[in-house]
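Reader: I am new to this structure and should like to be taken through it step by step. Please show it to me, and then let us begin.

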Amino acid sequence: MTDSKAAAAAPHSNFIRNLVAQDLADNKHQGKIHTRFPPEPNGYLHIGHAKSICLNFSIAAENNGHCNLRFDDTNPAKESVEFVESIKNDIKWLGFEWSGEVRFSSLYFDQLYNFAVELIEKDKAFVCSLNAEQMREYRGSLTEPGRSSPDRDRPIKENLDLFARMREGEFGDGELSLRAKIDMAAPNINLRDPVLYRIRHVHHHQTGDKWKIYPTYDYTHCICDAIENITHSLCTLEFEDHRPLYNWTLNSLDSAGLKRVSDLADSPDTYVLPEQTEFAKLKLNYTMMGKRNLKEMVETEVVSGWNDPRMPTLAGMRRRGFTAASIRNFCESVGVARSDSVVDMGMLEHTIREDLDANASRVMCVLKPLKITLTNISADEVVQLSMANHPKYEEKGRRNVPFTREVYIDRSDFEEVPPNGFKRLIPGGEVRLRGCYVIRCDEVIKDDSGEVTELRCSVDKNTLGNKPEGRKVKGVVHWVSASEGVEVTVRLYDRLFTVENPGSKEYEDYRSNLNPNSLVTLENCVIEPAALSSADESNFQFEREGYFCLDDIDSSASKKIFNRTITLRDSWSGK
RNA sequence: UGGGGUGUCGCCAAGUGGUAAGGCACAAGGUUUUGAUCCUUGCAUUCGUUGGUUCGAAUCCAGCCACCCCAGCCA
């Protein structure tokens, strides 16, 4: 899929893989496996969707099957082409290719309508005049059975007539609905004569103004699955209670009729109905994943947009520097099961570090510059030092790093009064400039307020590529030439929330859990010139700091902006 | 208190009657011109709980407990 050096996570055993293997062994679908990813285009895709995408596409790919992309667009009021486009883009970016053309539930509105007529003719559906509030009353409660609609016994002929007129737009929104005739006393509330069609005089992003009535999810999804010959309809746990309705709908229809409008229309194969299987959706701590939450954060400008690098959206994560491979690996490593679980953010962080450690070129960038003057280097000297782009992979090549009399190191790499175990520069002490010489700090220069403004150091000229004689220098520090380095802006991103479950009802407002330091912008960072010339690379490791990527949305020709994807693991600062 | 689910290490998760995989996290060592990477080692006599069946149970049975989902003309 990519030439990523990080090994792709090996497929793990899970109950869906087992189920599919069993179905294959039983020859249930003549050896065919066909899945689908069915997003509603009412928001951007997030890491939770990625789990479902990876599952559906992988299951298909592993079994020489197919996976469709089908937009479940039955509620036009909430949907838009912007979302359709972003979703297609994100799936492609993740590295998956859907089977054939993009599908839409709305593509099948005519068939869906005809099947509804069939249900009416079979006395399995009726037109109901109860309004929303009345319907709620009639539905009963969790512990009490519901009551039948007064219209439940409306003659078939009249239902047919009314339904046709609903389609023509004769009635206003909510005036009438088409309902399945199942069982108002069913303990499963989804079976208490659920609504199949509602009247909505709204413009649809795919069908325009053709329809005044729109089918509901439960009625639509199963039939679309059947039409597309989906064998395994995978969805999340909350749809478990809907499975009986899924099956009721398909079993209520004439299967020959279903086959006639399906992709198997001309095939002699036995027609097999799709089956729904549920799995637990992905939850991640320190984040909020609900579409409503994400939308609200965008609208109230808690973040800069759907693609804010702190968002768990694929667009946000991509901008943050996450690679598609790392997200795929993450989804594989969290597994697929039926128990509600919350995955630790640390796992996600591990998978991106794993990928970037193997694949990102190393570069030096000083975040908080402290000037060093190397007193025994002449002022006009510029030495190009050749440094490996990766400590382990020679094939990643080398680059030139200019070395001059004045360089910057990070302020945190010098301490006048070092804590125990400090391995960096101290007055009179030595440290190795990474890929360069060992230097000694001879003099500390401060301003009037006592702040250190410059260090005057001397280099040991025998230490370029050599260990110093007669002593050990433990510390290695990154640096950038003051005259050759380029000023850039660096955005330090951190978790958006400070608590594991920011959306928990134990907090009255999730905003109180926002991490005030989730974005820290550093304006005067200095990066080595080579980092800006490798145009084809977007992910870097800034040595000793972390992984960063160029923000190509906000960067300008004169000022480049880098986003921190994730820090390096740090076993020192915690001590 | 109706219906549907789930409970295996701090977090994911395999396991489907033969005596507890793996990953993350954590801890301790080693290597290292990134306090990174890498390597080594450690980390559940026990599978929500109580009983039962069995030569043998995380796996089968029964009860109990905890948690999640469902009363949109959302998906």
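Reader: How many bridges join strand β21 to β22?

Author: This is a predicted model, in which local features need pLDDT of at least 70, side-chain atom pairs count only at pLDDT 80 or more, and totals for chains, interfaces and linings use all residues. Residues are numbered from 1 along each chain as its sequence is written, chains are lettered from A and ligands numbered from 1 in the order in which they are written, and side-chain values use heavy atoms, with hydrogens and water left out. Strand β21 covers residues 486-493 and runs antiparallel to β22, where strands are DSSP runs (E, at least two residues) and helices are DSSP runs (H or I, at least four residues), numbered from the N terminus. Two strands pair if DSSP finds at least two bridges between them, and the number joining β21 to β22 is seven.

Reader: Which residue of β22 stands opposite Leu492?

Author: Strand β22 comprises residues 519-527. The residue in β22 that faces Leu492 is Val520.

Reader: Which strands are the edges of the sheet that holds β21 and β22?

Author: Seven strands make up this open sheet, with mixed pairing, in the order β10-β23-β24-β25-β21-β22-β11. Strand β11 (residues 365-366) pairs with β22 in the antiparallel sense over two bridges, and Cys365 stands opposite Ile527 in β22. Each edge strand pairs on one side only, and the two are β10 (361-363) and β11.

Reader: What angle does the direction of helix α13 make with that of β25?

Author: Helix α13 (residues 345-359) packs on the sheet and touches β10, β23, β24 and β25 (561-567), contact being heavy atoms within 4.5 Å. Axes are lines fitted to C-alpha atoms, for helices over the stretch in contact, and angles run from 0 to 180 degrees between N-to-C directions. For α13 and β25 the value is about 115°.

Reader: In what order do the strands of the three-stranded sheet lie?

Author: This open sheet has parallel pairing, and its edge strands are β1 (34-37) and β3 (103-104). Strand β2 (residues 66-71) pairs with β3 over two bridges, with Arg70 opposite Arg103. Helix α3 (residues 81-94) packs on the sheet and touches β1, β2 and β3. The order of the strands is β1-β2-β3.

Reader: Where does Asn63 lie, and which residues does Asn63 touch?

Author: Asn63 is located in the loop between α2 (47-62) and β2. Asn63 and Lys32 are 31 residues apart in sequence, yet their C-alpha atoms are 8.0 Å apart in space. Not counting residues up to four places away in sequence, Asn63 touches Val20, Leu24 and Ile33.

Reader: What area do domain 1 and domain 2 bury between them?

Author: The assignment for chain A gives domain 1 (4-108 + 218-345), domain 2 (129-216) and domain 3 (366-483), with bounds that come from an automatic or database domain assignment. Buried area is the accessible area (1.4 Å probe) that two parts lose on being put together, summed over both. Here 20 residues of domain 1 contact 19 residues of domain 2. Carbon and sulfur atoms carry 64% of the buried area, which is about 1,500 Å².

Reader: Which residues of domain 1 lose the most area to domain 2?

Author: The elements giving two or more residues to this side of domain 1 are α3, α7 (217-227) and α8 (243-252). Three residues together account for 34% of what the domain 1 side buries, and they are Pro76, Tyr219 and Trp248.
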